Amino acid sequence: MPRVCALLLFLPLLACPTHGLREASRRQEPMSDDVTPEYKIGDLMEFEVLEGPEAGKWVKCSITGPGDLPETYNVFAWSSDPRHRRMKNIPVELLKTQAEMDAKRKAIEDQRLKEEAELKAKEEEERKIREAEEKKRAEEEAQVRAEQEEKERAEKEEAARLLHLKLKAKWEQVKEAKRKAAEEAKARMEEEEREWKAAHPNRPERLRITTSPDPNADPESIKVVIKFEDKPDMVVKAKRRLRLRSLMSVAAETMGVKMENVRFSTGKKILLPEESAERFGHMDKVVVNMELMDSHMRAAPASPTAAVSRKTEGGSKDSFDVGDFVLANVSTGEGVPCIVQAKSNYPDAFDLRFAFSAGDMHELGHVPIRLMRKASGKQYASVLKNFRENPTLASKAVQHLASHVDDIMRHKRPEKPAESVPSEPHVGQLDRTTQGSEPGFETFEAGNFVQYTLQDGTVLPATVSGVEPPNNYNLHVIFAPGIEFRGLRDLKSVPGHQLKGIKAKLYVDNVRHLKEDPVEARRLLEQAAQELSDTA
């Protein structure tokens, strides 16, 4: 134990001479290349922190002097804890100059940039490879799609070609069927024409049509093509019951000529204004030629129905013909738009027809000419449009006009004792005034309101649509209980002694009654058709 204590005391004494010798030899011997360079006080350095929360980081510092131990320095840290900024005996291995650190950082940054450039170049190469693959795949898909579209187009063209051949074959069959039907209809019409001529040897020749009959023609309307010189054709779809006067007036106004200076014809047959489109027969289309008349043509009578004229207050004259556009008014208003349907059996009066909805009234008879004034096509169309857009106004205007006309006609009749004036029988009731006695013969014109007395004494309201000398008339009724009875609305060759003229108001009341009682209307139509069939 004493020896150990002595040794411990002796060791420090040995260390001092040894340190001195080493320091002396270091100062005397020249520095080799491996000797650590010396740093001066104030040099800017960085040292590596070995422990603590900032271990592994390089902290900026400056040399404050050499350390107590060899190859060590005392430094002042710039960013360390203020209480520990002055550090002693920092080994030189932990110190680096600022240039060395900048070079090291630059090397690290260059390496990083190099790696990023290599990575970017690699990504660019991969992108180009990927785009090339996508482009190739898109081209392959487009080629496949184009081949598919070409295949579908070829299939559609083939299907269309087959359908065209099928429709063409079917159309040939339809054309053949139409041709045969037209030939049969033509032969049937020629046979009817021969029979009609044999039955009516003294009657003038019926109107011939320049087109072939069409068995599928519209029974209600017909297409009329009007040709005039080198002007464009005028095509009109007209009702078969329409008077040609209206059609001629519109055509003349459209072509810019006066109606009295032209005439209309189909083939060699001159058309008359009082005729209706029914004269064209069962045609789907008819071609009408319009031509200017010279002085010789104007000298010839253009119509068997003479025009009726009246003097206005200013001294001018208004002439009215069947089919003329007129405005009938009681006051100073613009008037009710009407079309002249026929000459009334009363002097200086006409029967008018309405082209708009006015309740159950479509016609008004015995209108004095002093209530009428002529209207141009444009003026008539303007007033007609106003009446069609205001049905209430139209109905009131027509009722007011009808009431005024009835008052005028009542004063024109010869006065008779009240007990001698027979009351008008209502539709569907027995006409007691005519039973047991022969009714007087009356003459009627197209458009007159009449009542047709059946064998059982009941009466049927109708309008005269045509005259068959010597005393037969064609009638038309405007009611039918159903579509299947519309063929019975036209009654042919009714004897005149079974007809009696009636007022417009009574005619409207009777028609309204039959529209409200379809059973009675059906009975009357069937009975009238049966009686006419038995008479024929």
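**Strand E13 and a five-stranded antiparallel sheet**

Phe 325 of strand E13 stands opposite Ile 339 in strand E14, a pairing described here, like everything that follows, from a predicted model. E13, which comprises residues 325-328, and E14, which comprises residues 336-343, are joined in the antiparallel sense over 4 bridges. Strand E13 also pairs with strand E17 (residues 372-374), again running antiparallel, through 3 bridges, and in this pairing Ala 328 has Met 372 of E17 as its bridge partner. In a regular strand, side chains alternate between the two faces of the sheet. In E13 both faces are covered, since Phe 325 and Leu 327 on one side are buried, as are Val 326 and Ala 328 on the other.

A further group of strands forms an open sheet of 5 members, arranged in the order E21-E20-E19-E18-E22 with antiparallel pairing. Its edges are strand E21 (490-495) and strand E22 (499-501), each of which pairs on one side only. With direction ignored, neighbouring strands of this sheet are turned against each other by 45 degrees on average. Strand E18 (residues 449-453) and the edge strand E22 run antiparallel and are joined by 3 bridges, with Gln 451 standing opposite Lys 500 of E22.

Two helices pack on this sheet. Helix H7 (residues 504-516) touches E18 and strand E19 (459-468), and the direction of H7 makes about 120 degrees with that of E19. Helix H8 (residues 518-535) likewise packs on the sheet, where H8 touches E18, E19 and E21, and the direction of H8 makes about 50 degrees with that of E21.

Methods
Residues numbered from 1 in each chain as written. Predicted model: local features only at pLDDT ≥ 70, side-chain atom pairs only at ≥ 80, totals over all residues. Heavy atoms only, no water. Buried < 20%, exposed > 50% of the residue type's maximum accessible area, 1.4 Å probe, protein only. Pairing = 2+ DSSP bridges. Axes fitted to C-alpha atoms, helices over the stretch in contact; angles between N-to-C directions. Contact = heavy atoms within 4.5 Å.
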